[in-house]
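Me: Please take a close look at one part of this model, namely the surroundings of the two ligands and the helices beside them. I should like one connected account.

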Amino acid sequence: MKYRRLPHTGQEISIIGLGGSALGSAGEKEIISTLETAFEAGVNYFDMAAGDQRLFAPYGKVLSSCRQKAFLQVHFGAVYDQNGKYGWTLDLEKIKKSVSRQLELLKTDYIDFGFIHCIDELSDLKKAEKTINYIKELQSQKVVHSIGLSTHTPHIALEMIDLLDMLMFSINPAYDYQNGKYAIGSQGERMDLYRKCQAKGVGISVMKPFGGGQLLSGDTSPFKTALSRYQCIRYALDRPGVVTVLPGIRGLEDLKNVLGYLDAGEEETDYSVLATFAPSEAEGKCVYCSHCHPCPAGLDIGLINKYYDLSKAGDELAKDHYLNLEKKASDCIGCGHCDARCPFHVHQSAKMAEIKEYFGK
Ligand code: SF4
Ligand code: SF4
């Protein structure tokens with residue numbers, strides 16, 4: 001497993017975590033063996049927005065021996081009916097009851113990440129004020145350790161960004177590149193959000209990395225061509241600010257498949273084919289895919305571009321990170337290899353001159 005550090009807390013979080021939406025109906029035995037396998041593989045980040053309340057008790061059984069190794073995202077706003085089916089509410093009394101029941105089933109008395117759950121409208125954000133105050137109160141009592149928000153709306157995330165340690169946001173190529181057709185926000189607005197999160201030290205945990213499974217089939221993908229799970233995971237992990245990707249697995253087989261990402265090679269994860277799906281939106285913009293590597297002068301072209309974009313977006317640390325790189329834009333020999341290789345038609349040799357000018361090196 002690989003880990004990324006959450007800037008505000010320094011916690012090391014596994015780049016692959018577990019979404020909770022689909023696992024609850026798998027049955028206790030399957031849930032337990034899935035969780036045990038996940039822990040053995042080094043997964044330590046778990047989203048608890050379950051589609052089915054039957055998810056919680058098996059988690060409680062597994063966590064009883066390893067609670068300290070797990071980070072849980074618990075959602076203030078996810079409630080469950082008498083049949084255990086998920087529902088959404090802004091009613092604080094129902095939220096308190098639901099969170100208390102979840103903690104009881106999880107056999108824990110603390111919440112690593114207390115999430116304001118699924119706020120997509122400004123009007124709902126206003127109505128969630130009491131819930132937000134309640135989460136803050138629990139944080140002051142050390143019941144909630146960090147505060148998160150789940151949303152699909154960039155401007156809601158930006159409105160809340162100063163309060164957050166973690167943002168749960170839906171990221172995949174279709175949502176990013178279809179300019180609001182399948183998700184909220186243009187490509188520019190969405191990238192701006194990712195960069196601002198990184199600049200502010202807010203981690204992003206990614207939901208819907210496969211677009212609810214639609215991207216995995218040519219029949220359902222808006223691009224009319226299937227992407228693989230590994231291409232989608234790498235795409236999400238390459239976005240600025242992203243700490244972990246949380247696929248909504250249905251059981252052990254899905255988990256093993258997703259964990260295969262850790263051993264996948266360059267060819268399996270390369271998503272540069274996107275340039276042929278979304279040419280107008282993608283044209284000329286570096287997406288940090290590294291398809292143009294290796295650079296004969298040893299530059300990490302994707303990373304250099306990421307630090308450049310982040311620095312321009314106000315990330316004060318990005319300049320430091322850039323200046324600490326062994327090879328900088330000033331080392332570019334202008335060979336043009338990257339220009340010829342880039343499927344997104346970025347004129348990278350010229351960009352390196354621009355980056356050198358910006359950072360002075
Ligand atoms: S220049 Fe092109 S190929 Fe290279 S990292 Fe950027 S988008 Fe990818
Ligand atoms: S043009 Fe510069 S950045 Fe691109 S491959 Fe050549 S040396 Fe590397």
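**The ligand sites and their helices**

Reply: In this predicted model, the shell around ligand 1 is made up of eight nonpolar residues, four polar residues and no charged ones. Its members are C286, V287, Y288, C289, S290, H291, C292, G302, C342, P343, F344 and Q348. The space that ligand 1 takes up is the second largest cavity.

The largest cavity is where ligand 2 sits. Ligand 2 is surrounded by 13 residues, and the closest are C295, C332, C335, G336 and C338. By class, the shell around ligand 2 holds nine nonpolar and four polar residues, with no charged residue. Helices contribute here: α16, which spans 337–341, supplies at least two residues of this shell, and α17 likewise supplies at least two.

Helix α17 also leads to the question of packing. Two packed helices are described by the angle between their axes and by the distance between those axes. Helix α14 covers residues 301–312 and helix α17 covers residues 348–359. Their axes come within 11 Å and cross at roughly 45°. An angle that is neither under 35 degrees nor over 145, and that lies outside 65 to 115, counts as oblique; α14 and α17 are therefore oblique to each other. As for handedness, α14 passes α17 in a left-handed crossing.

The two helices can also be related to ligand 1. G302, one of the residues around ligand 1, falls within the range 301–312 of α14. Q348, also among the residues around ligand 1, falls within the range 348–359 of α17.

Conventions. Residues numbered from 1 in each chain as written. Chains lettered and ligands numbered in written order. Predicted model: local features only at pLDDT ≥ 70, side-chain atom pairs only at ≥ 80, totals over all residues. Heavy atoms only, no water. Near = heavy atom within 4 Å. 1 Å grid on protein atoms, 1.4 Å probe; cavity = no way out; pocket = protein on both sides within 12 Å on 5 of 7 lines; lining within 4 Å. Sits in = over half its atoms within 2 Å of the grid points. Nonpolar A, V, L, I, M, F, W, Y, C, P; charged D, E, K, R; others polar. Axes fitted to C-alpha atoms, helices over the stretch in contact; angles between N-to-C directions. Helix = DSSP H or I, 4+ residues; strand = E, 2+ residues; numbered from the N terminus. Left-handed = near helix turned anticlockwise from the far one by under 90°.
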